[in-house]
Every structure is written in structure tokens, then in C-alpha cells.
Amino acid sequence: MEPLVFLKLGGGTITYDSRESTPRIDVIDRLLSEIKKAKEEHGFDLILGHGSGSYAHVPASKYKVNEGLKYEFSRMGATVTCNTAKALNTVIIEEAIKIGLDTYPFSPSSFAYAGNGRIIKGVTDGIRKSLESGFTPVVYGDVLIDDVKGVTIASTEEVFNFLSTEFGPDKIIIGADVDGVFDSNPTQNANAKKIDRVDNSNIDTILKGASGSNKSFDVTGGMHTKVEMLYNMVKGVNEKFGKPSIGYIGNAAKEGVIGKLLSGKPVNECTEFSYR
Ligand SMILES: Nc1ncnc2c1ncn2[C@@H]1O[C@H](COP(=O)(O)OP(=O)(O)OP(=O)(O)O)[C@@H](O)[C@H]1O
Ligand SMILES: C=C(C)CCOP(=O)(O)O
């Protein structure tokens with residue numbers, strides 16, 4: 001069996017923040033090419049995920065989708081948000097087709113079910129079989145039907161968290177628009193210092209310095225949620241599968257960083273996560 005890697009392409013990297021529902025096609029193509037090359041050279045299995053950026057975060061925030069079916073507009077808002085998330089997924093798949101990367105889309109709204117904001121059930125046979133058949137399955141942050149709230153938002157990290165308990169990935173990479181995790185928000189504090197490693201010894205301190213996203217429309221918690229969920233995934237794989245899993249938050253906006261992380265080459269623009 002090949003090593004299994006999860007890779008998220010952050011919404012802030014693959015879309016324009018200030019232009020609603022506008023993809024950065026050049027960045028998407030570069031990242032997909034880095035992925036294709038690394039896969040051809042190193043032969044790992046990959047589950048690819050992508051955030052929503054200025055696509056679904058905008059209606060999710062406008063229609064307060066995370067509050068569930070509370071308002072008269074909630075059902076329509078959930079459908080618009082779900083459809084908008086799918087629209088970016090369609091762009092990613094179209095670009096992968098052009099580049100020759102064999103992807104296959106899996107919408108979390110169709111395979112996963114939530115309970116009070118967390119995924120509690122999901123059918124993953126199709127994802128497993130697609131991996132065995134040589135595809136790169138592609139998932140994304142989506143709207144899910146929720147047992148308690150009616151509907152909820154599941155970030156790509158939440159989807160990865162669920163899939164990590166099923167598949168036990170060896171490596172989990174979160175591609176963001178910063179060089180990793182800093183001791184405070186680097187886009188607001190020029191003196192912020194980058195953290196090279198996160199593990200059992202410093203996770204609590206690091207979480208204190210990791211705040212939300214800079215984007216006004218973000219509904220999934222920014223860097224704080226990423227740090228918390230990535231650490232928990234790495235820990236969870238270690239405990240459930242009895243093997244190490246290594247995590248990275250790295251700068252997907254800088255050329256070559258994702259390719260190197262996928263290939264196991266040294267990278268400065270990242271923070272490494274482990275559990276001992
Ligand atoms: N301690 C920190 N270290 C690094 N970045 C931080 C920190 N605290 C806050 N941030 C902010 O978090 C942002 C990354 O989170 P954000 O949710 O915007 O990423 P994203 O890749 O667009 O993800 P998503 O796809 O979930 O929207 C950075 O651009 C930065 O402004
Ligand atoms: C806003 C929606 C529907 C999903 C957000 O997912 P993320 O961009 O991975 O945080």
C-alpha cells in the first residue's frame with residue numbers, strides 16, 4: 001500500500017478575497033501541477049480538499065447557515081451556500097482535467113451527516129474504492145444536513161478529521177496563505193515569530209496565539225481552528241492506528257512549497273505537527 005496524504009488547498013489562496021466567487025486560476029493550475037508532478041515522482045495516494053474562500057463563505061455568513069434552520073430564509077440560504085461551494089469544486093475539477101490529474105469529486109453534503117456541527121456518520125466506500133482505482137478523490141468544505149441544527153457548515157478540516165478516523169493518513173498538509181503558524185497573527189503583527197514545530201509540549205501555548213481569519217466573511221474559525229484540528233487529527237491517527245502521522249501548515253501561495261511538502265523535501269515556509 002502507498003502512503004496516504006491529505007492535502008487542503010486554502011480558500012484564501014485559491015480565490016480572490018475581495019472579488020466574490022472569483023477563482024485564482026493561475027494559482028489553482030500551479031498547485032495542481034505541483035501535485036501531479038509530486039504524485040508521479042513519489043507514488044503516494046492522495047485525498048485532496050479545498051476551502052471555499054470568497055465562494056461559499058460569503059452566502060454562509062449572509063444567511064447565518066451555521067446557526068441552523070433558525071430563520072425563514074435558512075433553507076434557501078443553506079441551498080445557495082451548498083451550491084456555491086460546489087461551483088468552486090467544479091472549477092477545481094475542470095482545471096485538474098486540463099492538467100491531466102485524475103481527480104474525482106465527492107461532495108460532503110452527499111456522503112456525510114452531522115450532529116450539532118460535527119460529522120457523526122458518512123459513507124466512504126466510494127472514496128476508498130476511488131483511491132484503490134488510482135483517482136485523487138476531491139472533497140471540500142460544505143453544508144451538511146445536521147441531526148440537531150437542521151443544517152451546519154463543515155469546513156474542509158472537519159471533513160478531513162472525519163476521513164482521518166476512517167483512513168489513517170500518514171501525512172496531512174494544510175496549505176494556507178501564510179508561512180505556517182506564528183506566535184501571533186503575522187498579517188497584523190510584523191514582529192510575529194514563526195513556530196517551527198507543534199507537539200504535545202507546546203500545543204496549548206500555540207493555540208493562545210492563533211486567532212481567526214483576516215477575512216470578514218470567514219465562518220470556520222481561521223488559524224485557531226486549523227491548529228486545533230490538525231493537532232487532533234495527528235494525535236487521533238496515532239492513537240487509533242498505532243502509527244505516526246505528521247502534519248504541516250504551509251504556504252500554498254508560494255511556488256514550490258506544496259510540491260516539496262508532498263515530496264518530503266525540507267521546507268522553511270511551514271510548521272510541522274506531531275504527537276509523541
Ligand atoms: N498565529 C497565527 N499564525 C498564522 N496565521 C494566523 C495566526 N492567527 C491568525 N492567523 C490568520 O489566519 C489566516 C489563515 O486562515 P484562513 O481561514 O484565512 O485561511 P484559508 O487558507 O483561507 O482557509 P479556509 O479555506 O478555511 O478559508 C492567515 O491569513 C492569518 O491572517
Ligand atoms: C463555507 C463553507 C460552505 C465551507 C467552508 O470550508 P473551509 O473553507 O474549508 O473553511
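UniProt positions are given here in the numbering of this model, and such annotations may be inferred rather than shown by experiment. The model itself is predicted. An unreviewed UniProt entry places the feature "domain: Aspartate/glutamate/uridylate kinase" at residues 4-236. Over residues 4-236 the chain is 43% helix and 20% strand. The end C-alpha atoms of this stretch are 15 Å apart.

Two ligand shells were examined. Around ligand 1 there are 26 residues, of which Gly10, Gly11, Gly12, Gly51 and Ser213 come nearest. Two elements, α1 (11-14) and α9 (222-241), give two or more residues to this shell. The most come from α1, with three residues. By class, the shell around ligand 1 holds seven nonpolar, 16 polar and three charged residues.

Ligand 2 is surrounded by 16 residues. Gly51, Gly141, Ser155, Thr156 and Thr220 come nearest to ligand 2. At least two residues of its shell are supplied by each of α3 (57-62), α4 (74-99) and β7 (142-146). Nine residues of the ligand 2 shell are polar, six are nonpolar and one is charged. Gly51 is listed among the nearest residues for ligand 1 and for ligand 2.

The unreviewed UniProt entry also places the feature "binding site" at Gly53, Asp177, Gly222 and Lys226. Two of these positions, Gly53 and Lys226, are described here. Gly53 lies in the loop between β2 (45-50) and α3. Gly53 counts as buried because it has 28 C-beta neighbours inside 10 Å, where 20 or more are required. Beyond its neighbours within four places in sequence, Gly53 is in contact with Gly11, Gly12, Ile14, Thr15 and Asp17. Among these partners, Gly11 and Gly12 are also listed as nearest to ligand 1.

Lys226 is found in helix α9. With 24 C-beta neighbours inside 10 Å, Lys226 is likewise classed as buried. Leaving aside neighbours within four places in sequence, Lys226 contacts Glu157, Ile174 and Ile249. Of these, Glu157 is one of the buried residues of α7.

Helix α7 spans residues 156-167. Its twelve residues reach 16 Å from first C-alpha to last, close to the 16 Å expected at 1.5 Å a residue. Nine of the twelve residues are buried, so α7 is largely enclosed by the rest of the structure. The buried residues are Thr156, Glu157, Glu158, Val159, Phe160, Asn161, Phe162, Leu163 and Ser164. Thr156 also appears among the residues nearest to ligand 2. Just after α7, Gly168 adopts a positive phi of about 55 degrees.

Methods:
Residues are numbered from 1 along each chain as its sequence is written. Chains are lettered from A and ligands numbered from 1 in the order in which they are written. This is a predicted model: local features need pLDDT of at least 70, side-chain atom pairs count only at pLDDT 80 or more; totals for chains, interfaces and linings use all residues. A residue is near a molecule or strand if its C-beta atom, placed from the backbone, lies within 6 Å of it. Helices (H or I, at least four residues) and strands (E, at least two) are DSSP runs, numbered from the N terminus. Ala, Val, Leu, Ile, Met, Phe, Trp, Tyr, Cys and Pro count as nonpolar, Asp, Glu, Lys and Arg as charged, and the others, Gly among them, as polar. The expected span of a helix is 1.5 Å times one less than its number of residues. Two residues are in contact if their C-beta atoms, placed from the backbone, lie within 7 Å.
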